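I opened the notebook to go through one structure by region and to write down what I looked up in each place. The entries are kept in the order in which I took up the questions.

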Amino acid sequence: MMTATLPQAPFRLEQKRIAQAILLAALVLVLFRNALPAGLLRLPEGLILPFADWINAAFAFARDDLGLMALTRAVSDAVEFCLDVTANMLYGKSRWPNVGPIPWVVIAATAGMAGHALGGWRLATLAAGTFVWIAVMGQWKWAMETLSVIVVAAPLSVLLGLALGTLAWRYRLAERILNPILNIAQSLPHFAYMIPVVVFIGVGPKAGAIVTVIFSVPPMIRMTLLGLRSVPPEIIESGKMSGATRLQLMTRVRLPSARTEILIGVNQVIMQSLAMVVLASFIGMPGLGQKLLQLLQALKIGLSVEIGVTIVLLAIVLDRMSKAWAVKQPAHAEGPWLHRHRLLAIWLGLVALGFALAALHPYFAEVERKQALSLAGPVDAVVGRVIDLIDPVTDWLRWFLITWVLIPLRDAFLWLPTSAVLLALAGLGWRTGGLRSALVCLAFALPIALSGWWDRAMITAYTVFVAVALALMIGVPLGLVGAANETRARRFLLVCDTAQTFPSFIYLIPVIMLFGVNDVAVIAAVMVFATVPIVRYTIEGLRGVPPEIVESAQMSGASRGQLLWHVKLPLALPTLVVGANQSIMFALFMVIIAAFIGTQDLGQEMQRALSSADVGKGFVLGLAVAFMGLMADHLLLRWAQSRASPGGK
Amino acid sequence: MTADDVVISCRNVWKVFGDRPERLRLMPQTTMEDLRATGHIAAVRDVSLDIRRGEMLVVMGLSGSGKSTLVRCLARLLDITAGTVAVEGRDIGRLGETELIDLRRRKMGMVFQSFGLLPHRTALENVAFPLEMRGQDRASRIARARDMLALVGLKGREGYFPRELSGGQQQRVGIARSLAVEPDIWFLDEPFSALDPLIRREMQDEFLRLKGMLAKTIVFITHDFDEALRLADRIAIMKDGAVEQIDTPERIVMAPATPYVAKFTEAIDRTRVVHAGALALPVDGRPVDGEPLPAGETLHALARRIVGDSRALIPLADRGRIAGLLDRKAALDLLLGPAA
């Protein structure tokens with residue numbers, strides 16, 4: 001039977017005392033900062049370890065002595081062949097098989113039919129409409145350049161993920177090796193992946209495709225493993241009793257039964273691919289991302305909004321279609337062949353019609369630049385008007401934030417002695433998880449200090465801190481509003497879901513539009529991006545409060561306010577902390593991307609490493625970002641766990 | 001009973017879960033507490049039993065009594081920790097992977113509590129699955145699967161996917177699949193427990209119909225004592241991994257071996273289980289007059305006639321021969337309770 005009692009906060013006196021002592025020591029270091037020897041303020045030069053040189057040496061060894069270059073060249077040649085095929089089909093690059101480009105009407109009709117098959121008329125309209133929009137807005141070639149890479153990279157990534165996931169499922173050792181790698185890989189910022197790819201592959205679509213595969217494979221591995229693990233044991237037993245061999249059991253029982261998880265993995269691969277392909281413009285990947293980058297750098301707001309809309313539409317279409325595929329359950333069909341396959345027949349008819357139209361009039365094959373519609377003029381006008389209107393407000397906000405919040409805070413972060421920060425982190429670790437967590441925190445924080453990038457890291461930390469604090473201030477109340485009733489909660493979650501599918505790059509358009517190119521724009525972009533998970537987890541945390549606990553509180557005579565403060569929020573807190581954790585991860589990713597607006601943090605250095613193709617430096621910086629994320633992850637999840645299961649370990 | 005008649009034979013079978021249980025020294029007198037002290041859990045404890053050809057053995061026990069684990073040991077879905085399980089004289093613990101797969105492809109069928117159907121295959125493809133595994137050609141396996149579905153009354157539902165079928169229909173698919181390879185040994189692991197009571201009754205009748213048609217060796221697992229009484233030739237009652245009693249339903253009801261078994265039988269209407277023949281006294285020269293009653297009927301079925309009969313000793317006939325005399329007073333005591 002379910003008992004309705006509030007969980008009690010864990011209380012371990014010993015742990016609390018030690019943590020307090022460590023934190024007190026850190027405070028003493030801060031208070032007597034001016035009397036401290038220089039070695040405690042910042043690590044002395046002699047202690048800085050040349051990690052970058054070591055990594056570069058290892059890479060040089062792998063490249064020159066192990067012949068890794070030959071291997072990567074072979075792989076990249078194979079990828080290039082596939083890319084040429086899709087490029088020919090989608091936008092008519094003159095390569096084998098020389099049949100393209102497929103007229104846009106045919107592709108739009110195909111997308112519409114796929115949408116209809118997966119999710120009915122609404123998805124059909126969305127999918128077909130997106131491609132019509134791309135065509136009539138004259139963005140066809142760029143969009144196809146982007147898609148031609150996704151079409152190659154996503155299946156490769158799925159296959160690689162399935163293979164590695166199966167390996168991890170089959171061999172304990174493989175899982176033990178993969179797990180920490182995946183943890184770090186999923187918290188490495190995008191740019192960290194690009195630098196080695198530039199070194200080994202070069203720049204262009206080929207490099208873009210390969211970096212996309214590498215970036216999008218971790219979630220596929222995770223979902224494959226999860227799917228294989230969660231096949232009901234009776235299904236496997238029934239396969240065994242049917243006399244299946246191991247191979248038959250794998251291909252015909254386990255993998256098909258794990259279909260939903262695997263397809264959710266596919267969905268994540270596609271979304272990660274889109275995000276990466278857009279960013280790969282930094283390494284010379286042509287397409288929508290490159291166009292957006294150029295337009296943003298030239299501050300052409302209207303045109304970049306057009307591209308932004310396209311990217312957002314593509315993201316929504318790809319996400320909805322792949323999710324619809326994941327949840328779609330097989331259903332039986334009856335009747336004659338044509339009836340059972342009517343969607344296929346209609347599609348064939350539409351394709352024929354499309355080709356006929358394209359043959360009749362070139363507009364249906366390709367919309368030329370001068371025929372394309374453009375919203376840029378009116379958008380620029382409206383945006384200009386709005387900006388004129390709110391300029392006093394944004395100006396004041398910018399001034400206020402920069403002078404009174406951002407600069408003082410940044411200086412404070414930089415002012416803190418390294419020794420005090422390390423000690424404080426150890427103290428926080430001890431408070432949440434005892435000696436082990438304290439050591440974990442130090443293991444993540446110390447290498448950052450030793451790498452010599454401490455000041456840059458502190459600037460990144462400060463940006464994330466400010467952005468997440470603001471995101472909490474905005475996101476939690478929004479979440480409270482959203483969780484008021486079930487309909488509204490579902491609506492809010494849908495918005496959050498949709499917003500999370502947008503490639504992070506997109507968030508830069510509105511903030512540049514409003515604030516121009518400066519620190520406030522960076523903070524605003526990071527904050528908006530980081531608010532989404534907070535709203536989402538606040539709503540989910542509040543919705544997850546067991547109804548019998550709410551009822552028992554109501555029967556105890558709690559008012560709505562009391563119910564919220566004393567029952568719902570405490571119970572929702574662990575979930576909220578998980579949201580804050582994700583928010584920090586998002587913020588870290590975004591800070592690094594926002595570097596091209598102009599920051600002074602790790603991201604800026606990473607851009608420099610990218611342009612000088614310095615693998616070692618790029619990796620050290622990437623790992624510094626990853627370690628900050630993993631440390632926050634460890635502390636917050638550890639805390640949420642101990643909260644969720646009091647007395648548990 | 002000759003050795004040929006025994007299809008499955010278990011000798012001192014143990015199944016212990018925990019860290020490296022094969023290093024334990026397991027004796028018949030080892031208790032659960034002994035094992036728990038070393039961090040192990042015994043799901044099956046020193047079970048020895050024989051299942052004869054064509055017999056239906058029902059293994060009955062509450063949840064956690066080890067009955068499902070036992071049947072998985074018999075099919076070697078689980079490797080046992082100690083003891084031997086022999087199927088038709090062959091120790092299945094020693095079979096290699098190919099031999100084991102071959103045994104399952106030819107000799108064994110199994111029905112699962114939550115059906116274990118493959119969600120991505122139609123009813124027809126699910127039934128054809130074991131045939132596909134052993135490499136039978138498409139046309140013949142589809143034809144066979146069609147026949148099996150017709151046998152369980154699912155004609156016309158061949159193209160449906162499991163989630164489009166009701167629980168009872170899904171279990172019919174499961175039954176058809178388990179019978180597709182014409183197994184000699186049929187394992188049923190709580191096949192009707194996930195169904196609601198009305199459907200359960202209907203499926204039991206269906207099962208009895210199939211059982212009558214097919215003549216197989218059956219091991220049937222259930223937690224429902226009524227179901228066990230209704231279906232079984234013999235019942236094995238399990239508690240904490242060990243078999244408390246293995247006997248015919250009648251003997252279990254009339255002579256429970258342990259207080260635990262007795263508890264189950266308390267609430268049971270014995271007259272529905274006990275046959276008139278079980279109360280038969282030897283004739284021993286006493287007079288046999290008038291029309292005999294059939295010895296193979298339950299007392300409940302004969303109640304009206306026993307009450308209306310005026311003889312103190314009613315003759316019983318088994319297949320045309322006098323099998324003994326029924327003491328009317330003893331029968332009435334069972335039917336109506338002892339006279340006050």
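The entries below go from the contact between the chains to the sheets and helices of chain B and end with a helix of chain A.

**Entry 1, the model.** I note at the outset that this is a predicted model, and I read each of the entries with that in mind.

**Entry 2, where the chains meet.** I looked up the contact between the two chains and found 23 residues of chain B in contact with 20 residues of chain A. On the side of chain B that touches chain A, α3 (97-106), β6 (108-111) and α4 of chain B each supply at least two residues. I sorted the residues of that side by character and obtained 13 nonpolar, five polar and five charged.

**Entry 3, α4 and α5 of chain B.** As α4(B) had come up at the chain contact, I looked up how it packs within chain B. Helix α4 (residues 123-133) and helix α5 (residues 138-151) of chain B pack at an angle of about 125°, and their axes are 8 Å apart; α4(B) and α5(B) are therefore oblique to each other. Their crossing is right-handed. From α4(B) the contact takes B:Ala123, B:Leu124, B:Val127, B:Ala128, B:Leu131 and B:Glu132, while α5(B) brings B:Arg141, B:Ile142, B:Arg144, B:Ala145, B:Arg146, B:Met148 and B:Leu149. By character, I wrote these contact residues down as nine nonpolar, no polar and four charged.

**Entry 4, the sheet with β1 of chain B.** I traced an open sheet of four strands in chain B, with the order β2-β1-β4-β5 and antiparallel pairing. Because β2 (41-52) and β5 (90-91) of chain B stand at the edges, each with a single partner strand, one side of each is left without a neighbour in the sheet. Between β1 (residues 6-17) and β4 (residues 82-87) of chain B, which run antiparallel, I found five bridges, and in this pair B:Ser9 stands opposite B:Ala86 of β4(B). Helix α2 (residues 67-74) of chain B packs on this sheet, where it touches β1, β2 and β4 of chain B, and its direction makes about 60° with that of β2(B).

**Entry 5, strand β3 of chain B.** Is β3(B) buried or exposed? Five of the five residues of β3 (residues 56-60) of chain B are buried, so the strand is largely enclosed by the rest of the structure. I checked its two faces separately and found both covered, with B:Met56, B:Val58 and B:Met60 buried on one side and B:Leu57 and B:Val59 buried on the other. β3(B) pairs in the parallel sense with β8 (residues 217-222) of chain B over five bridges, and with β9 (residues 234-239) of chain B, also in the parallel sense, over four bridges. B:Leu57 stands opposite B:Val219 in β8(B) and opposite B:Arg234 in β9(B).

**Entry 6, the sheet with β13 and β14 of chain B.** I followed another open sheet of four strands, with the order β11-β14-β13-β12 in chain B and mixed pairing. Strands β13 (residues 313-318) and β14 (residues 321-327) of chain B pair in the antiparallel sense over six bridges, and B:Ile314 stands opposite B:Leu326 in β14(B). Helix α12 (residues 328-336) of chain B lies across β13 and β14 of chain B and runs at about 65° to β14(B).

**Entry 7, α26 of chain A.** I looked up helix α26 (residues 602-611) of chain A and found it mostly covered, with eight of its ten residues buried, among them A:Gln604, A:Glu605 and A:Gln607. Just after α26(A), I noted that A:Ala613 takes a positive phi of about 50°.

Notes
Residues are numbered from 1 along each chain as its sequence is written. Chains are lettered from A and ligands numbered from 1 in the order in which they are written. This is a predicted model: local features need pLDDT of at least 70, side-chain atom pairs count only at pLDDT 80 or more; totals for chains, interfaces and linings use all residues. A residue is buried if 20 or more other C-beta atoms lie within 10 Å of its own, exposed if 12 or fewer, and partly exposed in between; C-beta atoms are placed from the backbone. Axes are lines fitted to C-alpha atoms, for helices over the stretch in contact, and angles run from 0 to 180 degrees between N-to-C directions. Angles under 35 degrees count as roughly parallel, over 145 as roughly antiparallel, 65 to 115 as roughly perpendicular and the rest as oblique. A crossing is left-handed if the near helix is turned anticlockwise from the far one by less than a right angle, and right-handed if clockwise. Two residues are in contact if their C-beta atoms, placed from the backbone, lie within 7 Å. Ala, Val, Leu, Ile, Met, Phe, Trp, Tyr, Cys and Pro count as nonpolar, Asp, Glu, Lys and Arg as charged, and the others, Gly among them, as polar. Two strands pair if DSSP finds at least two bridges between them.
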